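Here are a few notes from my pass through this model. Have a look at the structure first, then read on.

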Amino acid sequence: TASGVSIERAEPVSKLGIPVTLMPAVVLEPSFALTSNEIREKFKGGKISSRSTLVVDGAGVEIEDLDLDGALVIKASPGVTLSVKGLKVQNKGWEFADDASAPEEEIRIRGYRVTKGE
């Protein structure tokens with residue numbers, strides 16, 4: 001990517017009968033960055049595996065050379081500066097399991113359930 005982060009692409013799978021190639025689940029909250037320029041300034045280098053989940057929340061967060069294979073949630077309160085440099089995370093991660101017949105309507109609509117391993 002433009003910020004130097006290597007993002008691994010997964011092998012194609014079938015989800016509810018639809019062939020898809022999944023990427024890591026990455027959520028960059030608006031408090032972290034609103035534009036691609038802000039993302040490039042705050043997130044530099046590293047790699048994210050295809051099975052990973054990353055959530056970043058907070059205007060003061062800066063990430064450099066993150067090596068992620070699993071799940072990581074980074075949150076900083078307003079006014080807090082948090083620098084993450086050279087962090088390597090390897091854990092069970094979060095599983096996105098098909099579940100179109102769940103009793104909960106929101107699970108049936110999206111077609112999967114998230115199980116947080118670590």
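1. Start with F43. Not counting residues within four places in sequence, F43 is in contact with S3, V5, F32, I48, L54, I63 and L66. Keep in mind that this is a predicted model.

2. F43 also turns up in the largest nonpolar core, where F43, L54 and I63 have the most contacts inside it. That core has 16 residues. Strand 5 (43–48), strand 6 (53–57), strand 7 (61–69) and strand 8 (71–75) each give two or more residues to this core, and the largest share, four residues, comes from strand 7. As general background, nonpolar side chains tend to be buried together in soluble globular proteins.

3. Now for S52, in the loop between strand 5 and strand 6. Is S52 buried or exposed? S52 counts as buried because its relative accessibility is 2%, and the cut-off for buried is under 20%. The S52 side chain reaches the backbone nitrogen of G70 at 3.0 Å. Beyond four places in sequence, the contacts of S52 are P24, A25, L68, D69 and G70.

4. Last, the largest pocket, which holds about 370 Å³ of space. Strand 2 (13–15) and strand 11 (94–98) are the elements giving two or more residues to its lining, with the largest share, three residues, coming from strand 11. In total, 20 residues line the largest pocket, and K15, L22, M23, S50 and F96 lie nearest its centre. By type, the lining has eleven nonpolar, four polar and five charged residues.

Methods
Residues numbered from 1 in each chain as written. Predicted model: local features only at pLDDT ≥ 70, side-chain atom pairs only at ≥ 80, totals over all residues. Heavy atoms only, no water. 1 Å grid on protein atoms, 1.4 Å probe; cavity = no way out; pocket = protein on both sides within 12 Å on 5 of 7 lines; lining within 4 Å. Points joined across faces, edges and corners; volume = space filled by probe spheres on them. Nonpolar A, V, L, I, M, F, W, Y, C, P; charged D, E, K, R; others polar. Core = buried A, V, L, I, M, F, W, Y, C linked by side-chain atoms within 4.5 Å. Buried < 20%, exposed > 50% of the residue type's maximum accessible area, 1.4 Å probe, protein only. Contact = heavy atoms within 4.5 Å. Polar contact = N/O pair within 3.5 Å; in protein donor to acceptor, adjacent residues only side chain to side chain.
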